[in-house]
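Please find below some notes on the model, set out as numbered points. They may be read alongside the coordinates.

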Amino acid sequence: MAILVLSNPLPSAPFAAALRQASGGIPVWTEQDSPPPEAVEAILAWRMRPGILPQYPNLRVLCSTGAGAEKLLVDDLPEHVPVTRVVDPMQGVEIAQYVVATTLQFTRDLKLYAEQQARAEWKRHPVRTAVRCRVGVMGLGAVGQAIARAFLPLGYPVGGWSRTPREVPGVATFAGMDELPEFLSQADILVCALPLTDETRGLLNHHTLAQLPRGAFFVNIGRGEQVVEPDLRALLDGGYLAGAALDVFEREPPPPDNWVWSHPQVVATPHIAAQASFDTVAQQCVDALRRARDGLPQPLAVDRQRGY
Ligand code: NAP
């Protein structure tokens with residue numbers, strides 16, 4: 001019985017190597033090994049195509065290589081197979097670093113000063129006061145809470161929005177669609193740290209983004225499909241939004257002629273806000289398999305009804 005790595009388009013070798021270290025002798029195969037399907041007990045994958053999972057009759061658990069598992073929730077996922085995701089505290093910290101870095105570049109006018117430097121121009125601008133830098137974090141899970149906590153010592157007021165009410169020390173929290181307008185109206189810096197579900201797909205559109213204060217900055221580290229990209233572009237072009245930092249896109253990578261590459265108000269990065277460590281991914285996959293074998297609950301399983 002074995003673990004199979006199907007991490008395409010991510011390279012399988014680093015995941016397989018880490019699994020071999022963590023698995024305590026459980027064989028680890030990649031797609032190239034063409035393993036006998038009946039021997040596969042666990043699959044580690046980033047995304048799944050329909051038609052694959054039914055080939056493995058003894059599958060006990062399906063593990064995501066990342067914090068999100070939405071690409072694994074295929075229609076032919078067997079009812080009894082739990083899907084787990086990665087929860088890596090360091091990943092939350094790395095994402096918070098990314099969000100703070102891109103936000104401060106905006107709130108401290110670093111791009112403007114870089115342009116001035118190129119002209120040898122000594123010109124001082126007033127520092128944006130904290131009351132004009134209210135941060136609003138969408139999603140208060142492992143990642144969202146790490147982001148919210150990172151902003152508190154910087155003196156920026158922090159709000160957070162989740163599906164169900166959450167309490168996070170120092171953070172003004174809002175929950176559900178009813179409280180979304182109030183949350184948005186107080187977010188000069190909007191950070192999306194939501195999982196992709198039926199409810200969050202397209203949630204950031206002209207209607208919602210236009211509820212932000214004029215001149216707001218938007219950071220997306222959630223999923224690209226949560227943003228209606230033409231609506232975002234229109235609000236940037238029209239001057240309603242001041243800028244955006246995008247780490248995730250509707251299509252990854254965006255085509256070379258996509259507007260995000262060249263828009264002067266956009267910072268675009270190739271889904272690098274954070275990468276869970278291979279060792280953590282491997283350890284959590286092995287733990288999930290052991291728990292499945294022992295019939296134990298799966299603390300990192302996604303709720304298939306909720307979609308995250
Ligand atoms: P998580 O622990 O499951 O937390 C998800 C949060 O989103 C929860 O607070 C949840 O509300 C909230 N939420 C879900 N659906 C909602 C809705 N319809 N309305 C309002 N709030 C909703 O997930 P996580 O570990 O924080 O990760 C979040 C996402 O970050 C991942 O799914 C992935 O898409 C993204 N991510 C990106 C990168 C990157 O490199 N760019 C890396 C890691 C993760 P409740 O608290 O009420 O459940």
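**Notes on the sheet and its helices**

1. In this predicted model, five of the five residues of β7 are buried, so the strand is largely enclosed by the rest of the structure. Burial applies to both faces of β7: Val158, Gly160 and Ser162 lie on one side, and Gly159 and Trp161 on the other. In a regular strand, side chains alternate between the two faces of the sheet.

2. Strand β7 belongs to an open sheet of seven strands with parallel pairing, in the order β8-β7-β6-β9-β10-β11-β12. The edges are β8 (172–175) and β12 (266–268), each of which pairs on one side only. From one strand to the next, the twist averages 15°.

3. Two of the strand pairs can be described by their bridges. Strands β6 and β7 run parallel and are joined by four bridges; within this pair, Gly136 has Gly159 of β7 as its bridge partner. Strand β11 (residues 241–246) pairs with β12, also in the parallel sense, over three bridges. Here Ala245 is matched with Val267 in β12.

4. Helix α4 (residues 142–151) lies across β6 (135–138), β7 (158–162) and β9 (189–192), and its direction is at about 170° to β6. Its buried residues are Val143, Gly144, Ala146, Ile147, Ala148 and Phe151. These buried residues pack against β6, β7 and β9, and also against helix α2 (89–107).

5. Helix α7 lies across β10 (216–220), β11 and β12, running at about 140° to β11. Glu229 is placed in this helix, which spans residues 229–237.

6. Which side chain of opposite charge is nearest to Glu229? It is Arg233, 9.3 Å away, and Glu229 has no salt bridge although it is buried. With a salt bridge defined by a side-chain nitrogen within 4 Å of a carboxyl oxygen, the 9.3 Å separation does not qualify. Leaving aside neighbours within four places in sequence, Glu229 is in contact with Phe249, Glu250, Asn258 and Trp259. Anyone assigning charges may wish to look at this site.

7. On annotation, an unreviewed UniProt entry lists residues 101–273 as "domain: D-isomer specific 2-hydroxyacid dehydrogenase NAD-binding". Over residues 101–273 the chain is 28% helix and 18% strand. The C-alpha atoms at the two ends of that range are 11 Å apart.

Note on methods. Residues numbered from 1 in each chain as written. Predicted model: local features only at pLDDT ≥ 70, side-chain atom pairs only at ≥ 80, totals over all residues. Heavy atoms only, no water. Buried < 20%, exposed > 50% of the residue type's maximum accessible area, 1.4 Å probe, protein only. Lys, Arg positive; Asp, Glu negative; His and termini not counted. Contact = heavy atoms within 4.5 Å. Pairing = 2+ DSSP bridges. Axes fitted to C-alpha atoms, helices over the stretch in contact; angles between N-to-C directions. UniProt positions renumbered as here; feature names shortened; annotations may be inferred.
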